[in-house]
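Colleague: Could you take me through this model at the bench biochemist's pace, with the cut-offs stated as they come up?

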Amino acid sequence: MRDGLLLFETGCAEDLDVKWGAPLTDVFPRVQYDEEHKLPNAIKAAGYDIKDVKGVVFGHLHLDHAGGLEHFVGTDVPIYVHEEEFKHACWAAATGADAAVYLTDYLTLDKLNWKTFNDKQVDLFQGLTLHHAPGHTPGLCILQVNLDKDGTFIFTTDQYHVKENHTLRHPQGWLARDHTAWIRSSDMVERLQRLYNATLVYGHDLETAETLIKAKKFYE
Ligand SMILES: [Zn+2]
């Protein structure tokens, strides 16, 4: 990127036994976690250092997407997120209204450089567009990335956990907080996909991720 290295979401905290604790680790068990999966090591594998990160962009702030903010506490790195998501996450974590999926430890107010936006659609950087897609959470945004050679990618974060949420329109049950909004957001994603002939990258779809990682060392 012309603007430097940007990260889309961060994954979980490293030490789930401490940061999550039971019963969360029972409900959402992490089945495989090796050295290579730790955020600083994953960034190193891409040829950078975590200190090179110039900004972190969030689709949503659930604990399995934002726990890695622990690496940015006390830094000036801007953390971009939709205003609705930030408000909802702080409220939900602080009051315990949705405490199973947002935690207070990474939603630190004074030690992270939060930058919010409140647009339906915003070009955050050249070639990077965020689209507000409420449903799974109130402030979720999908990320559209337009690449010169490899075309358009849409990172859906948890608008779709796995491929079948999209291809079969399989609803998310308890994991979607507003089903009607989720359906409308799905319509929007499908229009975008048709318009740009986009490749979708889902929030938790191992097969899609592995296929893309195996196909090319990097995309340009
Ligand atoms: Zn989520």
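What follows is a set of questions and answers on this model.

Modeller: This is a predicted model, in which local features need pLDDT of at least 70 and side-chain atom pairs count only at pLDDT 80 or more, while totals for chains, interfaces and linings use all residues. Residues are numbered from 1 along each chain as its sequence is written, and side-chain values use heavy atoms, with hydrogens and water left out.

Colleague: At which residues does UniProt place the feature "domain: Metallo-beta-lactamase"?

Modeller: The feature comes from an unreviewed UniProt entry, and such annotations, given in the numbering used here with shortened feature names, may be inferred rather than shown by experiment. The span is 28% helix and 26% strand, and its end C-alpha atoms lie 16 Å apart; helices (H or I, at least four residues) and strands (E, at least two) are DSSP runs numbered from the N terminus. The record places this domain at residues 39–204.

Colleague: Which residues coordinate the zinc ion?

Modeller: Donors are N, O and S atoms within 2.8 Å of the metal (3.2 Å for Na, K and Ca), and water is not among the atoms, so sites may look incomplete. Along the chain the donors follow the spacing H-x1-H-x73-H-x21-D. The coordinating atoms lie at 2.2 to 2.3 Å and belong to His60 (NE2), His62 (ND1), His136 (NE2) and Asp158 (OD).

Colleague: Is the site of the zinc ion regular or irregular?

Modeller: Four donors count as tetrahedral if all angles lie between 85 and 135 degrees; four count as square planar and six as octahedral if opposite donors are over 155 degrees apart and all others between 65 and 115, and anything else is irregular. Here the angles among the four donor atoms run from 90 to 167°, and the site of the zinc ion is irregular.

Colleague: How many residues apart are histidine 62 and aspartate 158, which the site links?

Modeller: Both histidine 62 and aspartate 158 are buried, where buried means under 20% relative accessible area, exposed over 50% and partly exposed in between (1.4 Å probe, protein chains only). Histidine 62 is in the loop between S2 and H4, aspartate 158 is in the loop between strand S8 (151–157) and helix H6 (163–167), and the two are 96 residues apart.

Colleague: Which element gives the most residues to the largest nonpolar core?

Modeller: A nonpolar core is a set of buried Ala, Val, Leu, Ile, Met, Phe, Trp, Tyr and Cys residues joined through side-chain atoms within 4.5 Å. The largest has 30 residues, and those with the most contacts inside it are Leu61, Leu69, Phe72, Tyr102 and Trp114. Helix H3 (39–45), strand S2 (53–57), helix H4 (63–66), strand S3 (78–82) and helix H5 (83–95) each supply at least two residues. With four residues, the element that gives the most is H5.

Colleague: To which backbone oxygen does the side chain of histidine 132 reach?

Modeller: Histidine 132 is found in strand S6 (residues 128–132) and is buried, with a relative accessible area of 12%. Contact means heavy atoms within 4.5 Å, and among the residues that histidine 132 touches are His82, Asp119 and Met188. A polar contact is a pair of N or O atoms within 3.5 Å; within protein, one must be able to donate a hydrogen and the other to accept it, and residues adjacent in sequence count only if both atoms are side-chain atoms. At 2.8 Å, the side chain of histidine 132 reaches the backbone oxygen of proline 138.

Colleague: How far from a polar atom of the side chain of histidine 82 does the backbone oxygen of aspartate 119 lie?

Modeller: Histidine 82 lies in strand S3 and is buried, with a relative accessible area of 2%. The residues that histidine 82 touches include Phe117, Asn118, Asp119 and His132. The distance from the backbone oxygen of aspartate 119 to that side-chain atom of histidine 82 is 3.4 Å.

Colleague: Is glutamate 9, with its positive phi, buried or exposed?

Modeller: Glutamate 9 is found in the loop between strand S1 (5–8) and H1. Its phi is near 65°, a positive value in a residue other than glycine. At 10% relative accessibility, glutamate 9 counts as buried.

Terms used: Lists of a residue's contacts leave out its neighbours within four places in sequence.
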